[in-house]
Amino acid sequence: MSIDAVLLCPRVRSNKRECDRVNFKTRQVGNVSRPTTVIKVDANLITLKTMSTFKSTEINFQLDREFNEITADGRDVKSLVTWSNGKLIHIQKWNGRQTTLLREIKDSYMILTLTLDDVVCTRKYEKA
């Protein structure tokens, strides 16, 4: 499945301390990037690629198995991806913190909802 972003994550003002961890220039580029996400399933192995002109990442994993991941913003996390009720749930844990990335298909879109504490960001992707 290949999916292109059509709406981007809005700037978050409700939790400035989280934004301060990522430098101003990186946040500005992130706000205008239009990433493409490719999800490939090969038997038990899932590959999730996110590509943009600014930064690209790729992770390979099996559902329900914890793995190490270096995130796009440089965090070294323990990740676990599960499938439940038609949703891909990706949990990242580090230093007593947790980020949840929820991917689901609604109509002809993939909705990615990212949650960290009380900060929620939603990206809407359109199939290419």
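A salt bridge is taken here as a side-chain nitrogen of Lys or Arg within 4 Å of a carboxyl oxygen of Asp or Glu. In this predicted model, R97 and D117 satisfy that rule, with their side chains meeting at 2.4 Å, N to O. R97 belongs to strand 8, while D117 sits in the loop between strand 9 (109-116) and strand 10 (119-127), so the salt bridge ties together parts that lie 20 residues apart in sequence. Both ends of the pair have some access to the surroundings: R97 counts as partly exposed because its relative accessibility is 28%, and D117 counts as partly exposed at 44%.

The count of salt bridges comes to three. Another of them joins E104 and K87, whose closest N and O atoms are 3.8 Å apart. This pair links distant parts of the chain, with E104 in strand 8 (residues 97-106) and K87 in strand 7 (residues 87-94), 17 residues apart. The two partners fall into separate accessibility classes: E104 is buried, with a relative accessible area of 11%, whereas K87 is partly exposed at 28%. The 11% of E104 makes this residue buried because the class takes in values under 20%. Leaving aside residues up to four places away in sequence, E104 touches G86, K87, Y109, M110 and I111. K87 is thus both a salt-bridge partner of E104 and one of the residues in its list of contacts.

The remaining salt bridge is formed by the side chains of D73 and R75, at 3.0 Å from N to O. Here D73 is partly exposed, with 34% relative accessibility, and R75 is buried at 12%. R75 also takes part in an arrangement with an aromatic side chain, as its charged end sits over the ring of W94, 4.3 Å from the ring centre. A lysine is placed in a similar way elsewhere in the model: K124 lies over the face of Y109, at 4.1 Å from the centre of the ring. Y109 has already appeared above, among the contacts of E104.

Turning to the fold as a whole, the secondary structure comes to two helices and ten strands. Read along the sequence, these elements follow the pattern β-α-α-β-β-β-β-β-β-β-β-β. The protein has 128 residues, of which 32% count as buried. About 8200 Å² is exposed, and carbon and sulfur atoms supply 51% of that area. Among contacts between residues at least 6 apart in sequence, 29% join residues at least 24 apart.

The interior is next. The largest nonpolar core is made up of twelve residues, namely I39, I46, L48, I59, F61, F67, V81, L88, L101, M110, L112 and Y125. Strand 3 (45-51), strand 4 (57-61) and strand 9 are the elements that give two or more residues to this core. One core member, I46, touches I39, K40, V41, I59, N60, F61 and L63 when residues up to four places away in sequence are set aside. M110, another member of the core, is also in contact with E104, a buried residue of strand 8.

Two phenylalanines of the core deserve a closer look. Aromatic pairs are described by the distance of the ring centres and the angle of the planes. The count for this model comes to one aromatic pair. The rings of F61 and F67 have their centres 5.5 Å apart and their planes at 10°, so the pair is stacked, the cut-off for stacking being under 30 degrees. Both F61 and F67 are buried, and both are listed in the largest nonpolar core.

A last site of interest is T71, in the loop between strand 5 (67-70) and strand 6 (76-84). Although T71 is a loop residue, its relative accessibility is 8%, and therefore T71 counts as buried. Its contacts, apart from residues up to four places away in sequence, are with V77 and Q92. T71 and E58 are 13 residues apart in sequence, with a C-alpha to C-alpha separation of 9.4 Å in space.

Methods: Residues numbered from 1 in each chain as written. Predicted model: local features only at pLDDT ≥ 70, side-chain atom pairs only at ≥ 80, totals over all residues. Heavy atoms only, no water. Buried < 20%, exposed > 50% of the residue type's maximum accessible area, 1.4 Å probe, protein only. Helix = DSSP H or I, 4+ residues; strand = E, 2+ residues; numbered from the N terminus. Contact = heavy atoms within 4.5 Å. Phe/Tyr/Trp six-rings, centres within 6.5 Å; stacked < 30°, edge-to-face > 60°. Lys NZ or Arg CZ within 6 Å of the ring centre and 35° of its normal. Areas by Shrake-Rupley, 256 points an atom, 1.4 Å probe, with all protein chains shown as cover. Core = buried A, V, L, I, M, F, W, Y, C linked by side-chain atoms within 4.5 Å.
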